[in-house]
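This report describes how the parts of one protein model are arranged and how they meet. The sequence and structure come first, and the description follows.

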Amino acid sequence: MEDSCPIAPADTAIASLGPAKIPSPLPYCRFVDDNFRVSMELDAADFGGVPGPCRAEFEVAGPRGNIYYDSSKVKVAIVTCGGLCPGLNDVIRAIVMECCHNYHVAGVLGIRFGLQGFIEAYGYEPVPLTPNAVSDIHQFGGTVLGSSRGPQKPEEIVDALERLNVGMLFVIGGDGSMKAARRIQEEIARRRSKISVIGVPKTIDNDVNLVTKSFGFDTAVEKATEAIRCAHTEAIAALNGIGVVKVMGRESGFIAAQATLALKEVNYVLVPECDFDLTGPRGLLPSLEERLSARRHAVIVVAEGAGQKLLPDTGARDASGNPVLGDIAQYLCGEIEGYFRSRDMPITLKFIDPSYIIRSVPANANDRVYCGFLGQNAVHAAMAGKTGMVVARLFDRYVHLPLDLVTLRRKMLNIASDYWRSVLESTGQHAVTPYTGDPSVFCPV
């Protein structure tokens, strides 16, 4: 391991509730040795270090030959938190089916409306989740359990888990939810309770640290390309037609970048990681004017968190503690219209915002398969007594990651990467958002 690498084997170790001594009830399996590790070369920046090669070892996911719990006596709870994302119901279904059909647990409870469902004052009673109850939920978007944002006291949540006699808690959510799961696990450890806390990282923005691709992202990109195709159709149907599409991406522009690469009809993609100016020699508006003069149409894809330096700080925060963003798309449309009006150059501008359509649809085939693996591996980990971790896919391997690592930072586009260079080659917007070519330049955290 390189000297500059800040990660040590102890940093990737997974906490356990105790030795696993009970033979697994799984009738057919290739069990994974609990000591099996996979070595991967990552970026030291993922671990808070100086950018550069960094090799780390991770515990491989999968069923263990011996488990910690007497599965016939353990009760399970599932909670979904934060915003909607394609695949939530698929993960819920996978966990329930694995728990009930293969491990024959005592029962599975669904916690209603996020972490609020643990708090008695809200009055949300848990609902029993059986195979029959969840058999068809993967055909629908959203989450059958409901969701919510905002912090709840870990002490009250653990009180509820103990009151419900829950032995395993599965938290499906994004960065904030994983931080909450870590606090819950810390409170459980402080009480020396025997409750496993397993996270399944969910974010439509694909911005969970270390996770190569989060579930729902593939579906989100697919639906975003449909909106971009419509914007392109509108743009080419009018003289000086401009199609503007807003996609999700508060701090990370992965959806915008991936959809741009997928469709090849985008002329400008604006992401949070790369600042841009509207005017001046490298300004978006003069470049757009040149584009219209030459080709008579243009398509712009803008992530919701892009260009925030151009907008006044709202000073407000949402229920999850995230800053409330200014509406860059509406601002951009107004600036475009004003710019060309001042030049007496007629344009036809169409604005499409598919954000809530994208996140509310059912998962596509690839995401459904992915969600199934995540749910099954999450159950295998919990049954083995693992806790304080998430199950994730790094490249093509399913591994266990400590909650401390996935909440260390938010994953962002590297604008000095070959990936971003490919985006710029596809759009041709080099003058507006240049590729630096400098491997020492990484996206801000």
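In this predicted model, the centres of domain 1 and domain 2, taken over C-alpha atoms, are 35 Å apart. The domain assignment builds domain 1 from two segments, 22–214 and 363–407, while domain 2 covers 219–357.

**The interface**

Where the two domains meet, eleven residues of domain 1 contact eleven residues of domain 2. The area buried between domain 1 and domain 2 is about 930 Å², and carbon and sulfur atoms account for 50% of it. On the domain 1 side, the residues that lose the most area to domain 2 are Arg149, Ile204 and Asp205. Together these three make up 52% of what that side buries.

The polar side of the interface can be put in two counts. Five residue pairs are in polar contact across the interface of domain 1 and domain 2, with both residues at pLDDT 80 or more. Salt bridges across this interface number zero. The residues of domain 1 that touch domain 2 are nonetheless of mixed character, as the table shows.

| Class of domain 1 residues touching domain 2 | Number |
|---|---|
| Nonpolar | four residues |
| Polar | three residues |
| Charged | four residues |

**The whole protein**

Twelve helices and 17 strands are found in the protein. Its C-alpha trace spans about 75 × 50 × 40 Å along the principal axes. How does the radius of gyration of the protein compare with that of a compact globule? The protein has 445 residues, so a compact globule would have a radius of gyration near 22 Å. The value for the protein is 23 Å, which agrees.

Definitions and conventions:
Residues numbered from 1 in each chain as written. Predicted model: local features only at pLDDT ≥ 70, side-chain atom pairs only at ≥ 80, totals over all residues. Heavy atoms only, no water. Domains from an automatic or database assignment. Contact = heavy atoms within 4.5 Å. Buried area = accessible area lost by both parts, 1.4 Å probe. Salt bridge = Lys/Arg side-chain N within 4 Å of Asp/Glu carboxyl O. Polar contact = N/O pair within 3.5 Å; in protein donor to acceptor, adjacent residues only side chain to side chain. Nonpolar A, V, L, I, M, F, W, Y, C, P; charged D, E, K, R; others polar. Helix = DSSP H or I, 4+ residues; strand = E, 2+ residues; numbered from the N terminus. Rg over C-alpha atoms; globule rule 2.2 N^0.38 Å.
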